[in-house]
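Colleague: I would like a close look at one part of this model, and then at how that part sits among the rest. Please take it step by step.

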Amino acid sequence: AQAFARLVTGSLSNALVRRGAARTWYLVLLHVVMALGQGVLCLRGAAPLLAGTALVGWGFGSIFPLLVLTVAELFGTPRLASNYMVFDGTPGAVGALLFAKLLCSAVYAQHADGGGSCHGIECFRLSHEVVAAAQLVAAVSAAVLSLRIRVAYPRAR
């Protein structure tokens, strides 16, 4: 799902631009899809695991190409390299530390038995719920961004 998303993000977000919308409206959709995926991961069973992983993978895989296109459109391709660490490096490092390491470790530890092992959905459910909530906040932030930058997209006004 992640690899496929990387291939089609440009085409899908170009469809928005052709219709007169800011490309960043696709960012709103991606965050909602990732929040939905995290919610599905809170359910038991193999099907929710596969579906949730696919949804989150699609959203995650689309983010980087979308950011490259958006930064190039808003700030120009000559500034892409100087903005790279602002839109990819730092957020990725901070997100990995806060969500993947600290949050998941704390939730797992809360549900682990005396030997440090945990089995079942409860080991990470709260982590998925917190990340889903963060994705919804990100979707709202992306919507505000999309409204504010519509001046950069002449047909989006």
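What covers the buried residues of helix 1?

Modeller: Keep in mind that this is a predicted model. The cover over the buried residues of helix 1 includes helix 2 and helix 3 (46-75). The residues being covered are A5, V8, T9, S13 and A15.

Next, the helix itself. Helix 1 covers residues 2-18, and because each residue should add 1.5 Å, its 17 residues should span 24 Å. The C-alpha atoms at its ends are 24 Å apart, so the span agrees with what is expected. There is nevertheless a kink of about 50 degrees in helix 1, and V8 is at its centre. V8 is also one of the buried residues of this helix. After helix 1 comes G20, which has a positive phi, near 95 degrees.

Now for the setting. The chain contains 5 helices and 0 strands, and its elements follow the order α-α-α-α-α from the N terminus. Along the principal axes, the C-alpha trace spans about 60 × 30 × 25 Å. The chain has 157 residues, and 36% of them count as buried. If you take the contacts between residues at least 6 apart in sequence, 62% of them join residues at least 24 apart.

Helix 2 turns up again at the other end of the chain. Helix 5 (residues 125-148) has buried residues too, and their cover includes helix 2 (25-40) and helix 4 (80-111). The buried residues of helix 5 are S127, H128, V131, A132, Q135, A139, A142, A143 and S146. With 24 residues, helix 5 reaches 35 Å between its first and last C-alpha, close to the 34 Å expected.

Two residues of helix 5 show how such a contact looks in detail. A132 lies in helix 5, and it counts as buried because its relative accessibility is 13%, where buried means under 20%. Leaving out residues up to four places away in sequence, A132 touches A35, Q38 and G39. A132 and A35 are 97 residues apart in sequence, yet their C-alpha atoms are 4.1 Å apart in space.

Q135, also placed in helix 5, has a relative accessibility of 14% and therefore counts as buried. With residues up to four places away in sequence again left out, Q135 touches H31, M34 and A35. A35 is thus among the residues touched by A132, and it is among those touched by Q135.

Q135 leads on to the largest pocket. About 1200 Å³ of space lies in that pocket. Its lining has 37 residues, and those nearest its centre are H31, F60, I63, P91 and Q135. The elements that give two or more residues to this lining are helix 2, helix 3, helix 4 and helix 5. Helix 4 provides the largest share, 11 residues. Sorted by type, the lining residues are 25 nonpolar, 10 polar and 2 charged.

To return to your question, helix 2 and helix 3 are among what covers the buried residues of helix 1. Helix 2 is also part of what covers the buried residues of helix 5.

Key
Residues numbered from 1 in each chain as written. Predicted model: local features only at pLDDT ≥ 70, side-chain atom pairs only at ≥ 80, totals over all residues. Heavy atoms only, no water. Helix = DSSP H or I, 4+ residues; strand = E, 2+ residues; numbered from the N terminus. Expected span 1.5 Å × (residues − 1). Buried < 20%, exposed > 50% of the residue type's maximum accessible area, 1.4 Å probe, protein only. Contact = heavy atoms within 4.5 Å. Bend = angle between axes of the 7 residues up to and from the residue. 1 Å grid on protein atoms, 1.4 Å probe; cavity = no way out; pocket = protein on both sides within 12 Å on 5 of 7 lines; lining within 4 Å. Points joined across faces, edges and corners; volume = space filled by probe spheres on them. Nonpolar A, V, L, I, M, F, W, Y, C, P; charged D, E, K, R; others polar.
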